[in-house]
Amino acid sequence: QVQLVESGGGLVQPGGSLRLSCAASGFTFSNYAMSWYRQVPGKERELVATITSAGGMTNYADSVKGRFTISRDNAKNTVYLQMNSLKPEDTAVYYCKAVYTWGVTITYWGQGTQVTVSS
């Protein structure tokens, strides 16, 4: 069955770094664009970064540009989010999302991983 499993979250001090991973299975990963979203309680889920299926193009929310980097390894069916210079406002549950848009739209979500930035 389809699975997206995030890992790498945790507690980090302001200015620190974390790398999130999202391991995919049950579908053809290389055909899907991948995104990272985040959500804090009481707020809508926010798009953080997106990478195209082959990894040739990326896009970032203004709030993370220059600090976060999305990448993927299609041989390992995994997408990553390198987060540097973390701020308390980056605290959220981070989710990965897979989207297929050729003719039909198919979307899968992971279960999320908590990132807490605090001293």
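A salt bridge is a side-chain nitrogen of Lys or Arg within 4 Å of a carboxyl oxygen of Asp or Glu. In this predicted model, K65 and D62 meet that criterion, with an N to O distance of 3.2 Å between their side chains. K65 is partly exposed, because its relative accessible area is 48% and the partly exposed class lies between 20% and 50%. D62 has a relative accessible area of 64%. That value is over 50%, so D62 counts as exposed.

The structure holds 4 salt bridges. Side chains of opposite charge can pair when their charged atoms come close. A network of salt bridges links R38, E46, R67 and D90. Within this network, R38 forms a salt bridge with E46, and their closest N and O atoms are 2.8 Å apart. The relative accessibility of E46 is 33%, so E46 counts as partly exposed. For R38 the relative accessibility is 7%, so R38 counts as buried. R38 also forms a salt bridge with D90, where the closest N and O atoms are 2.9 Å apart. This pair links distant parts of the chain. D90 sits in the loop between β8 and β9, R38 lies in strand β4, and 52 residues separate them. Both D90 and R38 are buried.

K97 presents another case of a buried charged residue. This lysine lies in strand β9. K97 has no salt bridge. The nearest side chain of opposite charge belongs to E44, 12 Å away. The cut-off for a salt bridge is 4 Å, so the pair K97 and E44 does not qualify. The side chain of K97 does make a polar contact with the side chain of Y37, at 3.2 Å.

Strand pairing was examined next. An open sheet of 4 strands runs in the order β1-β3-β8-β7. The pairing is antiparallel. Strands β1 (3-7) and β7 (68-73) form the edges, each pairing on one side only. Neighbouring strands of the sheet are turned by 15° against each other on average, direction ignored. Inside the order, β3 (residues 18-25) pairs with β8 (residues 78-83) in the antiparallel sense. This pairing extends over 6 bridges. L20 has L81 as its bridge partner in β8.

L81 also belongs to the largest nonpolar core. This core contains 29 residues. The members that touch the most other members are M34, W36, L81, M83 and Y94. Several elements give two or more residues to the core. Strands β3, β7 and β8 are among them, and these strands are also part of the open sheet. The other such contributors are β4 (33-39), β5 (46-51), β9 (92-100) and β11 (113-117). Strand β4 also holds R38 of the salt-bridge network, and strand β9 holds K97.

The last residue considered is S119, found in the segment after β11. Its relative accessibility is 85%, so S119 counts as exposed. The C-alpha atoms of S119 and N31 are separated by 40 Å. Along the chain, S119 and N31 are 88 residues apart.

Notes: Residues are numbered from 1 along each chain as its sequence is written. This is a predicted model: local features need pLDDT of at least 70, side-chain atom pairs count only at pLDDT 80 or more; totals for chains, interfaces and linings use all residues. Side-chain values use heavy atoms; hydrogens and water are left out. Two strands pair if DSSP finds at least two bridges between them. Axes are lines fitted to C-alpha atoms, for helices over the stretch in contact, and angles run from 0 to 180 degrees between N-to-C directions. A nonpolar core is a set of buried Ala, Val, Leu, Ile, Met, Phe, Trp, Tyr and Cys residues joined through side-chain atoms within 4.5 Å. Buried means under 20% relative accessible area, exposed over 50%, partly exposed in between (1.4 Å probe, protein chains only). Lys and Arg count as positive and Asp and Glu as negative; His and the chain ends are not counted. A polar contact is a pair of N or O atoms within 3.5 Å; within protein, one must be able to donate a hydrogen and the other to accept it, and residues adjacent in sequence count only if both atoms are side-chain atoms.
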